[in-house]
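Reader: Could you walk me through how to read a ligand site, one feature at a time?
Author: Gladly; let us look at it together.

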Amino acid sequence: MTLFEKICAREIPATIVHEDEHCICFKDIAPQAPVHLLLIPRKPIPRIALAGDGDQALLGHLLLTAGKIAREQGFAEDGFRIVINNGRDGGEAVPHLHLHLLAGRQLEWPPG
Ligand code: AMP
């Protein structure tokens, strides 16, 4: 079981800000911005490159939910960034698909 599956199963504590039938969103334990949330599907897809055609609705749901959370948490208007790290060069540490939602400061571009 991945670390994030354990968070879904409430075996590891997390500060959950949103959850529904398909996904769960919680605060990152090592925030890189004043707001740093992780949005994950309950289904343990390891990374975006391993998502399949059958995951189309789920992936759409994740993006729509990211926007909904941004509006509800009040950072949609000032702006935010969604990041998905995939594999070694992408900086992926946890092999369970997750969207980073970063907000609350001016984010730099290009990323490091
Ligand atoms: P990534 O490097 O894209 O795989 O991102 C993994 C993220 O998970 C990092 O930003 C970590 O700070 C975060 N993280 C690791 N363990 C926990 C945890 N127990 N609760 C919340 N976030 C975590």
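**Reading the ligand site**

Author: A polar side-chain atom of His 100 lies 2.8 Å from an oxygen atom of the ligand. A polar contact is a pair of N or O atoms within 3.5 Å; within protein, one must be able to donate a hydrogen and the other to accept it, and residues adjacent in sequence count only if both atoms are side-chain atoms. This is a predicted model: local features need pLDDT of at least 70, side-chain atom pairs count only at pLDDT 80 or more, and totals for chains, interfaces and linings use all residues. Residues are numbered from 1 along each chain as its sequence is written, and side-chain values use heavy atoms, with hydrogens and water left out.

Reader: What lies 2.5 Å from an oxygen atom of the ligand?
Author: That is an N or O atom in the side chain of Asp 28. From Val 94, a backbone N or O atom lies 3.0 Å from a ligand oxygen atom.

Reader: Which residues come nearest to the ligand?
Author: A residue is near a molecule if one of its heavy atoms lies within 4 Å of it. Here 16 residues surround the ligand, and Asp 28, Asn 85, Ala 93, His 98 and His 100 come nearest.

Reader: Which element gives the most to the shell around the ligand?
Author: Helices (H or I, at least four residues) and strands (E, at least two) are DSSP runs, numbered from the N terminus. Helix H1 gives the most, with three residues; the elements that give two or more are H1 (3-8) and strand E2 (23-27).
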